[in-house]
Amino acid sequence: MASIFLDIMKEELNRNLYKQDAFNRQLVSLPKGYLSKCVIDGKAYIYRKKRIENNIISEYIGVPGDDNVKKAEEDRKLYIELKLSIKELTRDEKRLRKAIKEYEK
């Protein structure tokens, strides 16, 4: 019985690692940085700000409502969701490894 349970936990760990890898690959393909709204002479502009070494670089995206801005907002939302998912998977991975270690004793 313990052997079956151990096998299931190992399968779950492999599934978890596969998901982490897939999410990390997807995360790398997304642009880094946060979106910032700047108002200049009463008109709003959207920039992506990101850190490169010790400098914060601003990249112009467009004005609110533009397709580029909508795409940037979707990318940012997906980036945050992936980061949270990876964090949860990492936490679950630690629990699984601990449980597997205990059952292998």
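Which residues of helix 2 are buried? In this predicted model, the buried residues of helix 2 are Val-69, Ala-72, Asp-75, Tyr-79, Leu-82, Ile-86, Leu-89, Glu-93, Leu-96 and Ile-100. The list includes two acidic residues, Asp-75 and Glu-93, and each of them repays a separate look.

The geometry of helix 2 itself may be taken as the starting point. Helix 2 comprises 37 residues, and at 1.5 Å a residue it should span 54 Å. The C-alpha atoms at its ends are 53 Å apart, in agreement with that expectation.

Asp-75 is located in helix 2, which covers residues 67–103. Its relative accessibility is 12%, and because the limit for a buried residue is under 20%, Asp-75 counts as buried. When residues up to four places away in sequence are left out, Asp-75 touches Leu-30 and Pro-31.

Glu-93, the other acidic residue to be considered, has a relative accessible area of 13% and is therefore also classed as buried. Its side chain takes part in a salt bridge with Arg-97, in which the closest N and O atoms are 2.9 Å apart. Both Glu-93 and Arg-97 belong to helix 2, where a separation of four residues corresponds to about one turn of the helix. The two ends of this bridge fall into separate accessibility classes: Glu-93 is buried, whereas Arg-97, at 41% relative accessibility, is partly exposed.

Salt bridges also occur elsewhere, and a search of the whole structure finds eight. Side chains of opposite charge can pair when their charged atoms come close. Helix 1, residues 2–29, contains Arg-15 and Glu-12, whose side chains meet in a salt bridge with an N to O distance of 2.5 Å. Because Arg-15 and Glu-12 are three residues apart in helix 1, about one helical turn separates them. Arg-15 is partly exposed, with a relative accessible area of 41%, and Glu-12 is likewise partly exposed, at 36%.

Another salt bridge joins Asp-21 to Arg-25, with the closest N and O atoms 3.0 Å apart. Asp-21 and Arg-25 both lie in helix 1 and are four residues apart, about one turn of the helix. Asp-21 counts as partly exposed, at 39% relative accessibility.

The discussion now turns from the helices to the strands. Strand 1 covers residues 34–40 and strand 2 covers residues 43–52, and the loop between them holds Asp-41. The phi angle of Asp-41 is near 50 degrees, a positive value in a residue other than glycine. Asp-41 is exposed, with 81% relative accessibility.

A further positive phi appears in the loop between strand 2 and strand 3 (55–62), where Glu-53 lies. The hairpin of strand 2 and strand 3 has two residues between the strands, and within it Glu-53 takes a positive phi near 55 degrees. Glu-53 has a relative accessible area of 74%; because this value is over 50%, the residue is classed as exposed.

Strand 2 and strand 3 run antiparallel and are joined by seven bridges. One of the pairings can be followed in detail, since it leads on to the charged side chains: the bridge partner of Lys-50 in strand 3 is Ile-57. Lys-50 is also linked with Arg-48 and Glu-59 in a network of salt bridges. In a regular strand the side chains alternate between the two faces of the sheet.

Aromatic rings provide a further set of contacts, and a search of the whole structure finds three aromatic pairs. In one of them, Tyr-45 and Tyr-60 are 6.3 Å apart centre to centre, with 55 degrees between the planes, an arrangement described as tilted. This pair links distant parts of the chain, since Tyr-45 is in strand 2 and Tyr-60 is in strand 3, 15 residues apart. Tyr-60 is partly exposed, at 46% relative accessibility. Tyr-45 and Tyr-60 also belong, together with Tyr-47, to a cluster linked by ring pairs.

Note on methods: Residues are numbered from 1 along each chain as its sequence is written. This is a predicted model: local features need pLDDT of at least 70, side-chain atom pairs count only at pLDDT 80 or more; totals for chains, interfaces and linings use all residues. Side-chain values use heavy atoms; hydrogens and water are left out. Buried means under 20% relative accessible area, exposed over 50%, partly exposed in between (1.4 Å probe, protein chains only). Contact means heavy atoms within 4.5 Å. The expected span of a helix is 1.5 Å times one less than its number of residues. A salt bridge is a side-chain nitrogen of Lys or Arg within 4 Å of a carboxyl oxygen of Asp or Glu. Two strands pair if DSSP finds at least two bridges between them. Rings of Phe, Tyr and Trp (its six-membered ring) pair if their centres lie within 6.5 Å; planes under 30 degrees apart count as stacked, over 60 as edge-to-face and the rest as tilted.
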